[in-house]
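Biologist: I would like the reasoning behind the labels, not just the labels. Can you take me through them one at a time?

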Amino acid sequence: MVKTAWVLSQKLRRDIKRNFLQFSAIIFILITCVTLFLGLTANAYEFNRRVEIVYDENHGNLADVWVTVSEYNEDDYKTIAKFNDDSEEKLIEKRLIMPATYSSYTTYSLLLDKIPTINKPFDVEEGTEFEENKNYFFLSVPYEFKTRFPHSKLGDNVNITYTSTYLKNVFYKLSSSFMGTLFEGEIISHIDEAFKEGDTKLEFKITSYMEQPENIQNAQFNSAYFMLNSRYFLYKSIDKVLKTYDDGTINYTESFFEILKNNLLDENNSDIKELVEKLNNQYVIKLNENINKDDFVSNLNSYFKNNERLSSIIDKDNLPSNAVIQSDIKQAKQLTLVFPLIFFLVAILVVLTTISQMILKQRIQIGTLKSLGVSKGRILFYYISLMNAVTLIGAILGTIIGPLTIAKVMDNKYKLLYTLPQFSYYWPLKETLIVLITIVLLVSLLTTIIIKNELRLSPSDSMRPKAPYFKFHKTKYETKNTSMMMALRNIKIHFSKSLMVIVGILGCTGLLICGYGIDDTINYGKNLDMNSFYCTDVNVNYQIGVKSLKTEIEKIDGVTKCEEYSLIQVQASDQDKTTYLNTQIIYFDQYDSTNFKYDKWDNDGVAISNVVSESLNLKEDDKISFVLNGKEYSTYINKVFYTFSIKGIFIYKQTIENLVDYSTNAWVNVKNLDDVDRISEDVKALDGVSSSMTRHERVDTINGYVSAIGQMTLVIKSFAIILAVIVLVNLSVLNFEERKREIATLRVLGFKQREIASSLIYEVMILTIVGAFFGLFIGYPLNYIVLYVNQTPLVSFSYYISPLSYLIGFTLSFLTALLVNIVITSRVNKISMSESLKSVE
């Protein structure tokens, strides 16, 4: 027993030494596939964990349903609480939501009487002047983008711009609730004077920075939010009204505003509390544990059916920011199965080929062990242990490397798009155990299947070399290329080994084409938008309330033309109103538009982007409906076309006249491109301009949308090359070691190094060409799968791979194979000619 153990230990040492390169290939392929699988799994778990932290009740406590109304009604409030089985009204809160502009950027103000417990601020950075529930102003701007908002340090005063119409409506409600019709005309005249046509600026002091669960998309892609005490807002607004009165003049209505202002900060004043409540226009609801969301929303729709106060009902699944992030979570989980599967299949082939070749090469040793009395079970256990030890080294290293690297790389994508809690490393223990156990069982099974035939033989049969198979062919022609004939013979004899190379190169080529195809798809879509919608030199966004700035822009030196258009947010639906979609209308002039270069259509019906078409299941000649300013429109779809980042309904002004009487954006053409940056700054300086972006700035923005996908393509290409190198090194080393005696014999017979090396290279290169050829056919499906599971609401993909990408993928696989074989075959001259004397007759 002791001698058997010693013999096997010595054999183990020699086997590891002699098969070091083959074992290294197995280790590296398993490191690669386990790293990918567990790294992507760790990323999916960690990403989901961080989102759940944002939404849990100890942090943001995200609402389940949002009900927006035209005006507050106490009966509505109580009925909604009743539907939620919330008799104490602890799971419902009310607030006023208003669009605004801050430092030329669109924002939303959330006005509440007290700091909320639903959709509450978290990770709050409080200033020295912060007082809870008193004059608070929370600004939600992700840290990375605070530089976009100048002069916004804690304690600073900032100007928030509101559309005057909104402020007038607030104060009309305020005065009618408090004063009725008394002095109505005079009050309204002062309100109108305080909030003149256009915009009104109100100044507030930033008391805190916050993160807010409705707004975890970074401000680069999403509007900033700020949370403001309702009384503080009214206090500042009343100041604006009081400035319309002459100093020293006693006026009853002025006294009304003074009294109102002085009582605003009295939390015990029931009249003021009631007054503030009437300004609210939205209810946020956290559903009770025993309430079904769909039933709750159905009850709300039934209740508001004949009620004109309802504007919209949105549940958490359809909240835009949450829908985006949940889509990313789903994609992260799906991604764990795309790439690792390819590498696992190749790993199985590598292990299978290595075991089979090693058993074949050690046939005589196995026979010797049996003749020495070593049991078949001990021999089987030895080979199972050896192969499991090798594979587990790679697997264990993969379990360490994957969660440490892949998840961190993917975090770069999420940092770009979202504001989430700090990243921490996560090890998926359950998946790790499953992977390790699966590898042990699979390797044990493969080893048993391969070695069982040898174990059945008697010791004497095992010690005899396997008789070679000869088949003679008569030919009239003399064989001129001996190297090629030897290569073809070896491919035929070692078919399983050849198959492994073909599959490995097939996967490598497919992944390379997939990586380059992703770049092609993104560039195709990006260039389409830049040449069809953003082809103008400067694109301008107007502030809310502006009707037109065409005249002012065209007066700027260097501007040749300004074309205005409108982007209007609407809810669209199919003709049967079974599916709804929040999207936008692009409203522009059919004849004046020289910067809109997508496919044009007749002045009959509208055009829609492919995303709208797919979301609403609509096609050309179907009808699409949307509601704008309380009026429903229904029109035929004349054209459906692909867009990359522009999604919506395209309508000519000549098709639906007077849809809106204002413009929100403008295309600006300049005379000299050298002046484009200066002109963009001049446009931005105009009153009423929210932002101005040159063409190259727009390209940078779109690149930002897809930068994370670009990083992923680099990873795909890198792993594809690694896959090819591992497979080729393993095959080349197996081939070389297996044919040492043959090579030595050929050298004795006078064959030159070039001829011997050529036969080895021919063999691998033939298999490489076959594998790369078939790999061309899986590039597009892989490209589709990868982009499909990485869809983002920011852009849509039209899957495209250029012929050049196919050529590059094929060429890289070919060159990698050639380089590996040149390195391996350089060892031909190092083989001793005496090796030929050691072969068995």
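Modeller: Start with charge pairs. This is a predicted model, and the structure holds 20 salt bridges.

Biologist: What makes Asp64 and Lys316 a salt bridge?

Modeller: The closest N and O atoms of Asp64 and Lys316 are 3.6 Å apart. The cut-off is within 4 Å, so the pair counts as a salt bridge.

Biologist: Why do you say that this pair ties together parts far along the sequence?

Modeller: Asp64 lies in the loop between H2 and strand E1 (65-69). Lys316 lies in the loop between strand E11 (310-315) and helix H10 (320-335). The two parts are 252 residues apart in sequence, so the pair ties them together across that span.

Biologist: Why is Asp64 called buried, and Lys316 partly exposed?

Modeller: Asp64 has 12% relative accessibility. Buried means under 20%, so Asp64 is buried. Lys316 stands at 24%. That value falls between 20% and 50%, so Lys316 is partly exposed.

Biologist: How do you know that Lys293 and Asp315 form a salt bridge?

Modeller: Their side chains meet at 3.7 Å, N to O. The limit is 4 Å, so they qualify. The pair links distant parts of the chain: Lys293 in helix H9 (residues 293-303) and Asp315 in strand E11, 22 residues apart.

Biologist: Which label does each partner get, buried or partly exposed?

Modeller: Lys293, at 23% relative accessibility, is partly exposed. Asp315 has a relative accessible area of 12%. Under 20% means buried, so Asp315 gets that label.

Biologist: What makes Glu563 and Lys561 a salt bridge, and how is each one classed?

Modeller: The N to O distance is 3.4 Å, and the cut-off is 4 Å. The pair therefore passes. Glu563 has a relative accessible area of 1%, so it is buried. Lys561 is at 22%, so it is partly exposed.

Biologist: Which residues are linked in a network of salt bridges?

Modeller: Glu74, Lys78 and Glu89 are linked in such a network.

Biologist: Why can such side chains pair at all?

Modeller: Side chains of opposite charge can pair when their charged atoms come close.

Biologist: Now the surface. What makes the positive patch positive?

Modeller: Arg13, Arg14, Lys17, Arg18 and Lys361 form it. Lys and Arg count as positive, so the patch carries that name. Helix H1 (residues 2-18) gives the largest share, 4 residues.

Biologist: Why can Lys361 belong to that patch?

Modeller: Lys361 is found in helix H11 (residues 339-361). Its relative accessible area is 42%, which is partly exposed. Patch residues need over 30%, so Lys361 meets that requirement.

Biologist: Which residues form the nonpolar patch?

Modeller: Ile393, Ile396, Leu397, Ile400, Ile401, Leu404, Tyr425, Trp427 and Leu429 form it. Together they have about 790 Å² of accessible area. The largest share, 6 residues, comes from helix H13 (residues 376-417).

Biologist: How do you know that Trp427 passes the patch cut-off for accessibility?

Modeller: Trp427 is at 35% relative accessibility. The cut-off is over 30%, so Trp427 passes. Trp427 is found in the loop between H13 and helix H14 (429-456).

Biologist: What makes the Ile31 and Thr35 pair a polar contact?

Modeller: The backbone oxygen of Ile31 lies 2.5 Å from a polar atom of the Thr35 side chain. The distance limit is 3.5 Å, so the distance fits. Thr35 lies in helix H2 (residues 20-55). Thr35 is buried, because its relative accessible area is 5%.

Biologist: What sets Asn61 and Asp123 apart in their backbone angles?

Modeller: Phi of Asn61 is near 50°, a positive value in a residue other than glycine. Phi of Asp123 is also near 50° and positive, again in a residue other than glycine.

Biologist: Where do they lie, and is each buried or exposed?

Modeller: Asn61 lies in the loop between H2 and E1. Its relative accessible area is 11%, under 20%, so Asn61 is buried. Asp123 lies in strand E4 (residues 122-126). Its value is 53%, over 50%, so Asp123 is exposed.

How values were computed:
Residues are numbered from 1 along each chain as its sequence is written. This is a predicted model: local features need pLDDT of at least 70, side-chain atom pairs count only at pLDDT 80 or more; totals for chains, interfaces and linings use all residues. Side-chain values use heavy atoms; hydrogens and water are left out. Patches are made of residues with over 30% relative accessible area and no salt bridge: like charges are joined within 9 Å, nonpolar side chains (Val, Leu, Ile, Met, Phe, Trp, Tyr) within 5 Å. Accessible areas come from the Shrake-Rupley method with a 1.4 Å probe; for residues, only the protein chains shown count as cover. The place of a charge is taken as NZ of Lys, CZ of Arg, CG of Asp or CD of Glu. Buried means under 20% relative accessible area, exposed over 50%, partly exposed in between (1.4 Å probe, protein chains only). A polar contact is a pair of N or O atoms within 3.5 Å; within protein, one must be able to donate a hydrogen and the other to accept it, and residues adjacent in sequence count only if both atoms are side-chain atoms.
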